Amino acid sequence: MARWFGFTPKSTLAASNPSAEDSVRQAAKHTPPSAAGLSLYLDTQGVVTRIAGPLAARLAITETQRPLEAYLCRGSVLAADMPSYQGQVLELDFNGCASTVLTLRGWLQAHAEGWLLQLLDVSDLLEHARRNDLRHHLLAQAGSFAQHLSYQSPERLQSATVEVLSELRQALGIPGVAIALRDEAGDWRVYAQQNAPWRDQQALGKALDDLDQAYPQQLSAVTLTTRPGLQVLFPNGLGFVTPYQHQGVTTAWLLCADFDARRQAPALQIADWTGLFTPLGGAVSGRLQAVQQAHQQVRQSALQGLLGAGWWEFNSLNQTLQLAPELAVMLGTGLATGLELQAWLERLHPSDRDEFRVRLNGLVAGGQSFIQCLRVQVEGQAADYRWYRVQAVAKGAGSKLRIYGFLLDISDIKAQETKAAEAHERLSNLIASAPAVIYVQRYSEAALRLEFCSDSLQPLLGWDLAELQAGLLADIVHPDDHESYFNRGRQLLRDGAVSCRYRLRDRQGDYHWLLDEAKLLRDELGQPREAVGLWLDVTDAMLAAERIRESEERYRVLVEDSPAMICRYLPDLTLNFANRPLAEYLERNPEQLIGANLAEWLSSEQQQAFAQRLLGLTPENPISTAEICLQLPGREHAWWVWADRGIFDQQGQLIEVQAVGRDNTEVRKAQQQLFQGAKMATLGEMATGMAHELNQPLNVMRMAVANTLKRVAGGDVPADYLQEKLQRIEAQVLRAAKIVDHMRVFGRRSEVEHGLFDPLQAIDGAMSLLRDGLLGKGVELYFEPVELATKVKGHGDQLEQVLINLMVNARDALLSRMEREPDSGFAPRIGLAATLLPEGVLIEVQDNAGGIEPRLLERIFEPFFTTKPVGKGTGLGLSVSFGIIEQMGGQLRAFNREEGACFSILLPADFSSEV
């Protein structure tokens, strides 16, 4: 069977203790069989025939005639070759009463015709040896455990300590065991426990301090009857404690719950317990102390980096300055051993150098402290000085004099100061009224707890650190900011950094807006350790932002309530803002328009026009105005006057367009009605000419019919003659139908949107309507055919209407001159010309009527202005013509040439199209 706590298995043959073996051999010489502890008589087959001795009653089986193996425990078996065991000391385990085990040691000897096995009880000897082995093994294991703990990381130290306690508990049979340490406040707390009645980090009060006064005189098993004050430690009334002392101060306790050391671990004395716990307590407390020192150094480095600050110390004996590593890196000194005073002075600004030297000498001569703001040059940047606030204090005297202080980077504040004389005063005022509060929060029990606040807390809010630590901080948060404040901690633990704003109430009851910026510091395994941050009073900025927000709200209301349609869209026509009037016009909610595309309501021609207009926007000319046409389902076309303003990035790329629209549909409808009325008026004026145009084919047909009827009456109608007359009648019918069809198309209302058309077709149509009428009045109409090979955008019938208006006006001017000069031999003529220019298509209508009076040229396009006699004109023809050409994006101008007036029409050409 196996020995407890890792000993080797016990042999069923020779004992390992020589002294015990000798004692058994001596007993074998002088002890008769009847006096032996147990005598077993066996036959030659190993069957027990008789049992004798005082230990026989303690056997589990007392009957005989059974093999020896039946009396032995499993593992304690003798081989069949009995004679081979003679002369050897045997150690056997027997099954005892009540499931006990009897360990007996003895010898085998021949007896009569069998064997006699005489055995003695060696339990006391074995127990003594076991205790000694246990004590030595535990003390050896304690050193091994301590070495194991000393190499653990801070995160693994507690769990490793629990593992050690678990092994110790199993080795000594302790129901519950724990180690208690002092926290930063000096109170005892459970650091690690295994199956103990205490939880981790449980406070243990002052009972251990009281017990520390009595150590070690009363280190025995402690019960409530002997120490009632220990009930807080051992609720069940029984326990055992062992201290660890470092330099005479107790720094750790080993607590054993429900355990009597003298009864349950008699092998260990008080000195053994001390020797057992000293390496464990020293390893745990020493490792934690090293971790705390490392954390303190990291915290100090983080704060110095956040503030741009660091410590410095001056050695007056060797005239050198020692700088904090962080400060040396910022200044670029790169010297870990020290900086000579003269080298340091050369780094200072000349205006600050003498003051610092005099103040430092004053400390050496017996002064106590000074504060100065000075400029320090950064290594490698001759013109780059940074402002620092230097604080210095002197301690000791003579060879023990120490001069040290702190440097705080105040460059950001000093950068706004222009004069050295003003800088010091302004900096002092800023520091005195600075709203920034630096704080540290410790991570404990999955929460961040306020641990430190800078002295600026009192002037800012009027509260002190103790009040905030007692739970006041959450109570002084503005009720409307509770969500932001409580989310701040969760975000900091999740993301590692946070920046938020909320309001805190000061002692006078006023609220301050604070900008809270914090960073989470983590340990080597990434677990949260503490948070370092600052509170900055941004009340004025928040109030200003609120005023801006109110201003923006007023602006938003103005935009929303404006009768104009206002929107913002991207270059691809995607809307990212639309006010309510625009949404109502498009029968959508404003939210539904966000992400919608203006192309939904535009024809392909309008989309192309938008694209061309956006291409023309530049940072120098960011504004464009046009009239656009929208297609609204179930409604008539809508016309808007649309103004765009482009927004460009630093590279001149168009990133957004702001647009304002006004509904111009009614004006457009009135304009179209005016154009249509003018067209019908033109048709009315042309009625006489149209009658002449129709009379000619009718007369030809009448004469052809009359001649045919005569030939029919004479009985002589050749087929060829009849066919020729019928073809002439058909041609005249087609001519009349063409005239009527052209008049019908011309009189039709124009399409809503502009389209591409051939300007030569409009010229041909206008000439076909007026040619015969003009010839009948003696006016020659001349046009030299030309190939333009391009199209213009607009309405062909409206261009035809403009040309007819211009030719009719020219006709009237020519007829008027003919009446004034009947015998002058004057030959009236109207000429049309079309030319393709880089700017577009130029169409000119010129007469030889003598021209227009120069003083009237600038007024002829005004509505209701006419040079004709009363009753001869409405004064709308040229005005309407001017509006039509302008809507087509062109220009209509009038000027005089040598023979008469000339009207020019310039229309933008679509060079991408071919006729």
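**Figure 1. Close-up of D812 and R811 in the predicted model.** In this predicted model, D812 is partly exposed, with a relative accessible area of 23%, and its side chain takes part in a salt bridge with R811 in which the closest N and O atoms are 3.1 Å apart. R811, by contrast, is buried, because its relative accessible area of 14% falls under the 20% limit for that class. The pair therefore joins a buried arginine to a partly exposed aspartate. A search of the whole structure finds 23 salt bridges, and two others are shown in the views that follow.

**Figure 2. Close-up of the salt bridge between R105 and E91.** The closest N and O atoms of R105 and E91 are 2.6 Å apart, and the two residues form a salt bridge. This pair links distant parts of the chain, since R105 belongs to strand 5 (residues 101–111) and E91 to strand 4 (residues 90–95), with the two positions 14 residues apart in numbering. Are these two charged residues buried or exposed? R105 counts as buried at 3% relative accessibility, and E91 likewise counts as buried, at 5%. Side chains of opposite charge can pair when their charged atoms come close.

**Figure 3. Close-up of the salt bridge between E467 and R507.** Here the side chains of E467 and R507 meet in a salt bridge, with an N to O distance of 2.7 Å. The two residues are 40 apart in the chain and again link distant parts of it: E467 lies in helix 13 (residues 465–475), whereas R507 lies in the loop between strand 20 (497–505) and strand 21 (511–522). E467 counts as partly exposed at 26% relative accessibility, and R507 is also partly exposed, with a relative accessible area of 41%.

**Figure 4. Close-up of Q202 and its surroundings.** Q202 is placed in the loop between strand 8 (188–194) and helix 4 (207–214). Although it sits in a loop, Q202 is buried, with a relative accessible area of 17%. A polar atom of the Q202 side chain lies 3.0 Å from the backbone nitrogen of R199. Which residues does Q202 touch once its neighbours within four places in sequence are left aside? The contacts of Q202 are then with W188, R189, V190 and P197.

**Figure 5. Close-up of helix 9, with its buried and exposed residues.** Helix 9 covers residues 350–364, and its 15 residues should span 21 Å at 1.5 Å a residue; the end C-alpha atoms are 22 Å apart, which agrees with that expectation. Within helix 9, D352, F356, L360 and L363 are buried. Seen down the axis of helix 9, the buried residues fall within an arc of 60°, so they line one face of the helix. An α-helix has 3.6 residues a turn, so residues three or four places apart point the same way. On the other side of helix 9, P350 and V358 are exposed. Just after helix 9, G366 takes a positive phi of about 130°.

**Figure 6. Close-up of strand 31 and the strands paired with it.** Strand 31 (residues 829–837) runs parallel to strand 29 (residues 780–783), and four bridges join the two. With strand 32 (residues 840–847), strand 31 runs antiparallel, and eight bridges join this second pair. I830 of strand 31 can be followed to both sides, for I830 is the bridge partner of L781 and also stands opposite D847 in strand 32. Strand 31 and strand 32 form a hairpin, with two residues between them. Strands of a sheet pair through backbone hydrogen bonds, either parallel or antiparallel.

**Figure 7. Close-up of the open sheet formed by strands 28, 30 and 35.** This open sheet of three strands has the order 28-30-35, and its pairing is antiparallel. The edge strands are strand 28 (755–757) and strand 35 (909–910), each of which pairs on one side only. Three bridges join strand 28 to strand 30 (residues 791–794) in antiparallel fashion, and G755 stands opposite G794 of strand 30. As context for all of these views, the chain has 25 helices and 35 strands, and buried residues make up 43% of its 915 residues. Among contacts in the chain between residues at least 6 apart in sequence, 54% join residues at least 24 apart.

Notes
Residues are numbered from 1 along each chain as its sequence is written. This is a predicted model: local features need pLDDT of at least 70, side-chain atom pairs count only at pLDDT 80 or more; totals for chains, interfaces and linings use all residues. Side-chain values use heavy atoms; hydrogens and water are left out. Buried means under 20% relative accessible area, exposed over 50%, partly exposed in between (1.4 Å probe, protein chains only). A polar contact is a pair of N or O atoms within 3.5 Å; within protein, one must be able to donate a hydrogen and the other to accept it, and residues adjacent in sequence count only if both atoms are side-chain atoms. Contact means heavy atoms within 4.5 Å. Two strands pair if DSSP finds at least two bridges between them. The expected span of a helix is 1.5 Å times one less than its number of residues. The arc is that of the directions from the helix axis to the C-beta atoms. A salt bridge is a side-chain nitrogen of Lys or Arg within 4 Å of a carboxyl oxygen of Asp or Glu.
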